[in-house]
Amino acid sequence: MLIKMAEYAEYRQKTLDNVLNFNYGIELFPGSSQNPVIKKNTREEALIKLKKLLRSNGFAFLAENNKEGFIMMFLYARKMNERNALILIQNYYQFRKEHDLWFRRLEPFDPKIQMAIQDGFPSVLSNLDRRSRRVLFMVCSQWNIERYCLLTIYRAILVSLEHLIQDVNTQYNGFVFIVDWTNFTARQTMNISPRLLHVMLQGLQDCFPAKIKAVHFINQPWYIDGLMSVVKPFLKEKTKNKIILHGLNLNTLHEYFPRDVLPSELGGEQPPYDSRIWLKSLLGSSLGVDL
């Protein structure tokens, strides 16, 4: 009995310690902490503060009321931290300036982009995962290196992401990627430039207003592991931790994605993925009609 009472007392003390030390965004006892915590913004507070920063940092045109929907994407991507959202906006425009050709005619009507989307780059599932995140997957062996290059795949991904982040729920909950390397050949790998891949990943990591919560690799061959070992040193530690390797074991993938979410290609219960549905959705959205 005494042991149980002692354990309970210890539990109560640990619980109290956790409550007092938990980061709620305010300082419970001012002056007692060496690292004061800044109060977390509400949506409205973050928007007002970001507009002020935009006006004083050369982006006054984004502080207009008709741009609120656009800049909110950056606030959601940086958890309502206005300073981090400003940095993301600056990176967004700088990246597009440095790689201007990549963003010309960035639309689903571009013939090369259509080819990539028809081959499933990316494939966008209609079902969300259990955390209400959008699920995108790519079967890399479907890349036709004779018809389009790696940069075209990147442009197709950007077109898709830009369409998806118009939804506020997606801005808040983010994305997860599944990359299937089954039957991906060494010849296809030779068409991946590590330097170009690094710049592309940097663009998604630091210069695009989307929460990419995880990237799952399945059936990756040894030469993809070698390629990633070249790219990983350039990634942030947080980004590295989002890459989850499953190898040949689909069971571990299904621990993250229940079968009722996934198409049959990924061992799921849904019908095989039809890329035409996503392409029609993109084209219809651009035209303002349902196709």
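**Close-up views of the predicted model**

**View 1. Helices H2 and H3 cross in this predicted model.** The axes of helix H2 (residues 43-56) and helix H3 (residues 68-77) cross at roughly 105° and come within 10 Å. Angles of 65 to 115 degrees count as roughly perpendicular, and H2 and H3 are therefore roughly perpendicular to each other. From H2, the residues Arg43, Ala46, Leu47, Leu50, Lys51 and Leu54 take part in the contact; from H3, they meet Glu68, Ile71, Met72, Leu75 and Tyr76. Sorted by class, this contact of H2 with H3 holds 8 nonpolar residues, 3 charged residues and no polar ones.

**View 2. Helix H3 is largely enclosed by the rest of the structure.** Of the 10 residues of H3, 7 are buried, so the helix is largely enclosed. The buried residues in H3 are Ile71, Met72, Met73, Phe74, Leu75, Tyr76 and Ala77. Their cover includes H2, H4 and helix H7 (168-173). Ile71, Met72, Leu75 and Tyr76 also belong to the H3 side of the contact with H2. After H3 comes Lys79, which has a positive phi near 55°.

**View 3. Five strands make up an open, mixed sheet.** The protein has 13 helices and 5 strands. The order of strands in the sheet is E1-E2-E3-E4-E5. Strand E1 (123-124) and strand E5 (243-245) are the edge strands, each pairing on one side only. Strands of a sheet pair through backbone hydrogen bonds, either parallel or antiparallel. E1 and strand E2 (residues 134-139) are antiparallel, with 2 bridges. E2 and E3 are parallel, with 6 bridges. Strand E3 (residues 175-180) and E4 are parallel, also with 6 bridges. E4 and E5 run parallel and are joined by 3 bridges.

**View 4. Residue partners can be followed across the sheet, beginning at edge strand E1.** Val124 has Leu136 of E2 opposite it. Phe137 has Ile178 in E3 as its bridge partner. Between E3 and E4, Val179 faces Phe217, and Asp180 stands opposite Ile218. At the other edge strand, E5, Ile244 is the bridge partner of His216.

**View 5. Strand E3 is covered on both faces.** All of the strand is shielded, with 6 of its 6 residues buried. Phe175, Phe177 and Val179 lie on one side, while Val176, Ile178 and Asp180 lie on the other. Two of these residues appear in the pairing with E4: Val179 stands opposite Phe217, and Asp180 opposite Ile218. On the E2 side, Ile178 is the bridge partner of Phe137.

**View 6. Strand E4 is largely enclosed by the rest of the structure.** Strand E4 spans residues 212-218, and 6 of its 7 residues are buried, so it is largely enclosed. E4 pairs with E3 over 6 bridges and with E5 over 3 bridges. In the protein as a whole, 44% of the 291 residues count as buried.

**View 7. Asp110 sits in the loop between helix H4 (82-98) and helix H5 (111-118).** Buried means under 20% relative accessible area; Asp110 has 12% and is therefore buried. Its side chain reaches the backbone nitrogen of Ile113 at 3.0 Å. Leaving aside neighbours within four places in sequence, Asp110 is in contact with Arg105 and Arg155.

**View 8. His99 is also placed in the loop between H4 and H5.** The relative accessible area of His99 is 18%, and this residue is buried. The C-alpha atoms of His99 and Val199 are 9.9 Å apart, although 100 residues separate them along the chain. For the protein overall, among contacts with a separation of 6 or more, 69% are between residues 24 or more positions apart.

Terms used: Residues numbered from 1 in each chain as written. Predicted model: local features only at pLDDT ≥ 70, side-chain atom pairs only at ≥ 80, totals over all residues. Heavy atoms only, no water. Pairing = 2+ DSSP bridges. Helix = DSSP H or I, 4+ residues; strand = E, 2+ residues; numbered from the N terminus. Axes fitted to C-alpha atoms, helices over the stretch in contact; angles between N-to-C directions. Parallel < 35°, antiparallel > 145°, perpendicular 65-115°, else oblique. Contact = heavy atoms within 4.5 Å. Nonpolar A, V, L, I, M, F, W, Y, C, P; charged D, E, K, R; others polar. Buried < 20%, exposed > 50% of the residue type's maximum accessible area, 1.4 Å probe, protein only. Polar contact = N/O pair within 3.5 Å; in protein donor to acceptor, adjacent residues only side chain to side chain.
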